[in-house]
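The following exercises are to be worked through with the structure in view. Each task is followed by a solution in steps.

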Amino acid sequence: LDAGQFGKWYTRAVDIVTAADNKCSIPDLTNFLTTQNMHLLLAKLLFRRGRSKQAIQLLEKLGRKEIVEVDHGTGDANGIAEIVEYLCDDEYEKSQDVIFRACEHILAIDPFKVLPVLKKVRDPPLDSQRILTMLADYNDVRVFFLEHMVSSKVYHANRPEEFRELTTRLASEYVQQMIDADQHATPTQRRQKRRETVTQQGTEYAQGINFLKTNQDYNAEEVYGKSRDILENKSLPSGSLLQDVRVQLLGKLGRHQEALNILIYVMNDANKAEDYCVHNQVRQDPSAAIAAKKAARFGRRSSKRVTNPFIVLLQIMFGEKDPSKKQIFKRRALRILNTYTNASSAASGGESYINPMEALAVLPGDLGIKDLETYLKNTIRQTTTELRNSSVKVNILRFKNLKTNVQLHELQSRKVIVYPSSRCPQCKDSIYADQVISVFPNDDIYHLACSPSQKQIQQKSANSGNPFGR
């Protein structure tokens, strides 16, 4: 048969041999298909009959070219497609050992063909650490696998501790990739890659920086610790890509002073320093912010002190001693102060702001009223508005409280007349004046034990195991 005819009949033969109603014995089919050099078809049959280990052994021999497959006219006869098809088919039951042996065989021939398998197989769930060990020599495949696992919301919900470990591992992989790239990059290439973070968010460098900046699940201390010697190397060029990496990790660790010093004095990028403050101030720990507010209300310091990076930036800029930079930094600091205070928080989307009281504490003594005129006017206006709004809220709450007290007094002073003929609608017994009763808004009178509300309480108490019924 020519190639076209062979392909047609071969497809038909696959359907016949692997059909569920095929009752031919394995030895007979094995002898025949081996004689015809149709090893792929034999592997499909073995998979179908539940002999996956035997099938994989056969395909491993085919991959090592110990046996030769009949010419299908496609040129692809290494068995990888058949293994991937088997592993990704939910119809088959597969053991961990079989899956890993098959994946190791795929990796030895075509590493990226293993990705569909690692993405697909979920039953049984694969041991992620064993996968990472298997992928130790395949850096790109390992990173792709980690990206897939980190993007899995189901995995995040069901296995949070392992998910955090994988996220930390992915962050470390990104950092290592950028270290390797930076060691071989020229100054021109470094500038180009830094521009990519703005223009091409899909590139390797931009992807790594964006992950370090936005992801909240990885352990920044662990990631920084693994690369500390390289990131803190004093001979690191100012244009190095690793300066950005260090800044992002320091931001996650809350070490704003170090990060801002790098941005301003090493990288000479005040715009990026301002963006850094916006990002890290918005994403500060909410529990720490709440603790700080409560502590301030009672006049004490909180153990969870929240450091606003804007305040650190203002301290750096106002504290500049170099005469050539002092006026530039002063003007920029005043602009930041006017932009991100409570008085003009709308300009920053209402998310990033500088507390006026914190800001006043860091202003240098040599600033004149003229320099602060705009800031003070806006701050006074905003503070007055907040006080007025707070006063309105307090008065509304007082009115609601007074209204509630009046209603409570009316209920407590309510009287009811019990006649000799009064009977409980529930038990039909007489109601006497010395008995504890329940009176409803429609003036129905019940024995306390018979009232519908009391029965509901008793039922809930019984369900909760409370023996006292109240």
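**Exercise 1: The start of a helix**

Task: Determine which residue caps the N-terminal end of H20, and how the helix is covered.

Solution. The model under study is a predicted one. Asn-308 caps the N-terminal end of H20, with a side-chain oxygen 2.9 Å from the backbone nitrogen of Phe-310. Helix H20 spans residues 309-318, and nine of its 10 residues are buried. Among them are Pro-309, Phe-310, Ile-311 and Val-312. Helix H20 is thus described as mostly covered.

**Exercise 2: A pair of helices**

Task: State how H3 and H4 are oriented to each other, and describe their contact.

Solution. Begin with the angle: helix H3 (residues 39-48) packs against helix H4 (residues 52-63) at about 160°, and the axes are 8 Å apart. Angles over 145 degrees count as roughly antiparallel, and H3 and H4 therefore fall into that class. The crossing of H3 past H4 is left-handed. On the side of H3, the contact residues include Leu-40, Leu-42 and Phe-47, while those of H4 include Ile-56, Leu-58 and Leu-62. Sorted by class, this contact comprises 10 nonpolar residues, three polar ones and no charged ones.

**Exercise 3: A glutamate in a helix**

Task: Decide whether Glu-147 is buried or exposed, and identify its partner in a polar contact.

Solution. Glu-147 belongs to helix H9, residues 139-150. Its relative accessibility is 18%. Buried means under 20%, so Glu-147 counts as buried. The side chain of Glu-147 forms a polar contact of 3.0 Å with the side chain of Gln-207. Leaving aside residues up to four places away in sequence, Glu-147 touches Leu-170, Tyr-174 and Gln-207.

Key
Residues numbered from 1 in each chain as written. Predicted model: local features only at pLDDT ≥ 70, side-chain atom pairs only at ≥ 80, totals over all residues. Heavy atoms only, no water. Axes fitted to C-alpha atoms, helices over the stretch in contact; angles between N-to-C directions. Helix = DSSP H or I, 4+ residues; strand = E, 2+ residues; numbered from the N terminus. Parallel < 35°, antiparallel > 145°, perpendicular 65-115°, else oblique. Left-handed = near helix turned anticlockwise from the far one by under 90°. Contact = heavy atoms within 4.5 Å. Nonpolar A, V, L, I, M, F, W, Y, C, P; charged D, E, K, R; others polar. Buried < 20%, exposed > 50% of the residue type's maximum accessible area, 1.4 Å probe, protein only. Polar contact = N/O pair within 3.5 Å; in protein donor to acceptor, adjacent residues only side chain to side chain.
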